[in-house]
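Biologist: I should like a close look at a single part of this model, set within the chain as a whole. Please begin from the residue I name below and work outward.

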Amino acid sequence: MAEWLDTAGPLRLVSAPGSAVPTRYILDVTVNDLYGDFRPGRPPQAVLRLQVALLDSTAAGLPAVFERSLERRVDLP
């Protein structure tokens, strides 16, 4: 994910996990769901649900400055 964010371009600098480069923010992403939905009577879909939090590494307790849950369903052939 760090490599993708670095090449995608919206951010000035992205350091990979374990890097010695000091950073102000930490992006914490949790994959909550990743599955194929093949229930009868419905078109098949791939499902991905993420919880995303941007944490401030300079503040005590790493408070979240942004949080969002994202879900994407894609129809499968």
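Is Asp 37 buried or exposed, and at what relative accessibility?

Modeller: The model is a predicted one. Asp 37 counts as buried, because its relative accessibility is 6%, and the cut-off for that class is under 20%. The residue belongs to strand β1, which covers residues 25-37.

The side chain of Asp 37 takes part in polar contacts with two arginine side chains. One is with the side chain of Arg 39, at 2.7 Å. Another is with the side chain of Arg 73, at 3.4 Å. Once neighbours within four places in sequence are set aside, the residues in contact with Asp 37 are Pro 43, Pro 44, Gln 45, Val 47 and Arg 73. Arg 73 thus appears both as a polar partner of the Asp 37 side chain and in this list of contacts.

Gln 45, one of those neighbours, merits its own description. Gln 45 lies in strand β2, an element that runs over residues 45-56. With a relative accessible area of 18%, Gln 45 is also buried. Its side chain is joined to that of Asp 75 by a polar contact of 3.0 Å. Beyond four places in sequence, Gln 45 touches Tyr 35, Gly 36 and Asp 37, and also Arg 73, Val 74, Asp 75 and Leu 76. Strand β3 spans residues 64-75, and Arg 73, a contact of Asp 37, is likewise a contact of Gln 45.

Elsewhere in strand β1 is Asp 28. In contrast to the buried Asp 37, Asp 28 is partly exposed, its relative accessible area being 38%. Its contacts, not counting residues up to four places away in sequence, are Gln 51, Val 52, Ala 53 and Leu 55. Pro 44, which is in contact with Asp 37, lies 30 Å from Asp 28 between C-alpha atoms, at a sequence separation of 16 residues.

Two loop positions complete the local survey. Leu 62 is placed in the loop between β2 and β3, and counts as partly exposed at 39% relative accessibility. Its phi is near 50°, a positive value in a residue other than glycine. Most residues other than glycine have a negative phi. Gly 9 sits in the loop between α1 (2-8) and β1, and is exposed, with a relative accessibility of 52%. The C-alpha atoms of Gly 9 and Pro 40 are 41 Å apart, with these positions 31 residues apart along the chain.

As for the chain that holds these residues, its secondary structure consists of one helix and three strands, in the order α-β-β-β along the sequence. The radius of gyration is 16 Å, whereas the globule rule gives 11 Å for 77 residues, so the chain is more spread out than a compact globule. The C-alpha trace spans about 50 × 25 × 20 Å along its principal axes. Buried residues make up 14% of the 77 residues, Asp 37 and Gln 45 being among them.

Of the contacts with a separation of 6 or more, 40% are between residues 24 or more positions apart. The accessible surface is about 6,100 Å², and carbon and sulfur atoms account for 57% of that area. Finally, the chain carries 8 positive and 9 negative side chains, and the centres of these two sets are 6 Å apart.

Terms used. Residues are numbered from 1 along each chain as its sequence is written. This is a predicted model: local features need pLDDT of at least 70, side-chain atom pairs count only at pLDDT 80 or more; totals for chains, interfaces and linings use all residues. Side-chain values use heavy atoms; hydrogens and water are left out. Helices (H or I, at least four residues) and strands (E, at least two) are DSSP runs, numbered from the N terminus. The radius of gyration is taken over C-alpha atoms; the globule rule is 2.2 Å times the number of residues to the power 0.38. Buried means under 20% relative accessible area, exposed over 50%, partly exposed in between (1.4 Å probe, protein chains only). Contact means heavy atoms within 4.5 Å. Accessible areas come from the Shrake-Rupley method with a 1.4 Å probe; for residues, only the protein chains shown count as cover. Lys and Arg count as positive and Asp and Glu as negative; His and the chain ends are not counted. The place of a charge is taken as NZ of Lys, CZ of Arg, CG of Asp or CD of Glu. A polar contact is a pair of N or O atoms within 3.5 Å; within protein, one must be able to donate a hydrogen and the other to accept it, and residues adjacent in sequence count only if both atoms are side-chain atoms.
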